[in-house]
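Here is a colleague's note, written as numbered points, to be read with the model open beside it. Please follow each residue in the structure as it comes up.

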Amino acid sequence: MPSPEPTPTRAFSSVLIVGAGMAGLSCAGALASVGHAVTLIDKARGPGGRMSTRRMDTPLGQVSFDHGAQYFTARDPGFRQQVAEWAVAGVAAPWPVAGADAWVGTPGMNAVIKALAAAQDVRWNTRAEQIVRQDGGWLVHTDAGPLGPFDALVLAIPAEQALPFLSLHDFDMAGAALVARSQPCWTAMFTFAEPLPGGREILRDCGAIGWAARNSAKPGRTGPEAWVVQGSPDWSEANLDCDAPDIAARLLAELAGALEADLPEPVTASAHRWRYAQSAALGRGALWNPALGLGACGDWLLAPRVECAWLSGQQLARAMAEAAASCPA
C-alpha cells in the first residue's frame with residue numbers, strides 16, 4: 001500500500017536539514033508541501049552527493065561520469081510516482097540494460113537531485129561543525145558562521161557523520177548510527193578514444209571489480225567512450241588508503257582482465273574514494289525525537305538504495321508533521 005500523504009498541519013516556524021542529498025531533499029519537499037519553513041545546508045559545492053556526476057574536459061571534448069550511484073530502482077508506489085514525474089520533466093529515463101526497473105538521471109545521475117534542490121532553500125559549501133540545543137531550539141555552528149535558532153533539526157547525512165552530533169543529544173539515535181557502518185568504494189573513471197572491445201556495457205562482480213559500466217552508453221549521454229569502474233567493497237576496504245593514481249591503474253588492469261582484451265591507453269584516468277558508499281540496512285525507516293525536535297533520515301536507516309533514501313525522508317516528514325499537529329497552538 002502506498003504511504004499516506006502528510007496532511008496540512010500547524011507549521012514549524014523553522015526547520016534546518018543538514019545534508020541536501022536524496023533523503024534530506026525528500027524530507028524538505030514533504031515538509032514544505034504542508035507549510036513548514038525549511039532550510040538545508042550541505043558541505044558540497046553543488047547538488048549530487050552519492051548521486052554525483054563528474055564532468056571533465058579532455059582532448060576529445062567534455063566527458064561526464066556517474067561516479068557514485070549507477071542507477072536506481074522504483075518499487076514503492078510513492079517513489080514510482082515521483083520517478084514518473086522526473087521522467088516527464090526529462091531528468092530521468094529507464095536503463096533496461098541494468099534491469100527491468102532500473103532508472104538513471106539524465107543527462108547525469110545528479111539531474112534528479114538538481115531538480116529537487118531547485119525547489120528548496122539550499123546553502124551549498126556550508127559544513128555543520130556543532131549543533132547546540134538552546135532555549136527550546138537549535139543553533140548550528142558552521143564553517144560559514146552560526147545559523148538559527150531553528151524549531152527542529154534533521155540530520156540527513158551518513159551514519160558515521162551523524163554520530164558525533166547525535167551522541168550529545170539522543171542515545172538511541174546515536175546507538176543506531178554506531179552500528180550502521182558503511183562500506184567504502186573506490187571508483188575509477190576512464191576516457192578512451194575508441195570503443196572497448198567486446199561490446200559489453202555492464203560488468204558485475206568480476207574479481208576486484210564490483211561494478212563497471214560504459215557510462216557513455218547510458219540514456220541521455222553524449223561524448224567519447226567513457227567507463228566507470230568501481231571496486232568491490234572488500235577490495236576497496238583493503239586498499240582504502242592507497243593513492244588515487246595507483247587505484248586507477250589497478251582497476252584499469254582489472255577491467256582489461258574482465259573484458260579479456262588488451263585495452264588502448266586511456267585518454268584520461270582518475271579515481272575517487274567514497275568512504276561512505278554503501279550504507280547499512282537497519283530497517284528503521286527514520287528517527288524522530290519530538291521532545292527535542294531532532295530527527296535523522298537516510299538510506300542507512302532503511303536499506304542501501306536511492307529509493308530507500310527518498311522513503312526515509314518521507315517517513316521522517318510525516319512523523320514531524322504529526323508531531324507539529326499534536327502541539328498546542
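1. A good place to begin is one bridge, in which Val-140 has Leu-147 of strand 11 as its partner. Strands, like helices, are DSSP runs numbered from the N terminus, with E over at least two residues for a strand and H or I over at least four residues for a helix. Two strands are said to pair if DSSP finds at least two bridges between them. Strand 10 and strand 11 meet this rule with 4 bridges in the antiparallel sense, and they form a hairpin in which 2 residues lie between the strands.

2. Before going further, please keep in mind that this is a predicted model, in which local features need pLDDT of at least 70 and side-chain atom pairs count only at pLDDT 80 or more, while totals for chains, interfaces and linings use all residues. Residues are numbered from 1 along each chain as its sequence is written, and side-chain values use heavy atoms, with hydrogens and water left out.

3. The hairpin of point 1 belongs to an open sheet of 3 strands, whose order is 9-10-11 and whose pairing is antiparallel. Strand 9 (128–134) and strand 11 (145–150) are at the edges, and each has a single partner strand, so one side of each is left without a neighbour in the sheet. On average, and with direction ignored, neighbouring strands of this sheet are turned by 20° against each other; for such angles, axes are lines fitted to C-alpha atoms, for helices over the stretch in contact, and the angles run from 0 to 180 degrees between N-to-C directions. As general background, strands of a sheet pair through backbone hydrogen bonds, either parallel or antiparallel.

4. Which residues of strand 10 are the partners of Arg-133 and Gln-134? Arg-133 has Trp-138 as its bridge partner, while Gln-134 is matched with Gly-137, and Gln-130 stands opposite His-141. Strand 9 and strand 10 (residues 137–142) are joined by 6 bridges and run antiparallel. These two strands also form a hairpin with 2 residues between them, and Asp-135 in the turn has a positive phi of about 55°.

5. Is strand 10 largely enclosed or not? Of its 6 residues, 5 are buried, so strand 10 is largely enclosed by the rest of the structure. Here buried means under 20% relative accessible area, exposed means over 50%, and partly exposed is in between, with a 1.4 Å probe and protein chains only.

6. An open sheet of 5 strands has the order 14-15-16-13-17, again with antiparallel pairing. Its edge strands are strand 14 (202–206) and strand 17 (268–278), each of which pairs on one side only, and the twist averages 15° from one strand to the next. Within this sheet, strand 15 and strand 16 run antiparallel and are joined by 5 bridges, and the bridge partner of Trp-211 in strand 16 is Gln-230.

7. Lys-218 deserves a careful look, since it lies in the loop between strand 15 (209–214) and strand 16 (225–231). Its relative accessibility is 2%, so Lys-218 counts as buried. The side chain of Lys-218 makes a polar contact with the side chain of Asp-66 (3.0 Å), and a polar atom of the Lys-218 side chain lies 3.0 Å from the backbone oxygen of Gln-70. A polar contact is a pair of N or O atoms within 3.5 Å; within protein, one must be able to donate a hydrogen and the other to accept it, and residues adjacent in sequence count only if both atoms are side-chain atoms.

8. Two further residues can be checked for burial. Trp-86 is placed in helix 2 (residues 77–89) and is buried, with a relative accessible area of 4%; its C-alpha atom is separated by 8.5 Å from that of Gly-105, which is 19 residues away along the chain. Thr-187 is found in strand 13 (residues 183–192) and is buried, with a relative accessible area of 0%.
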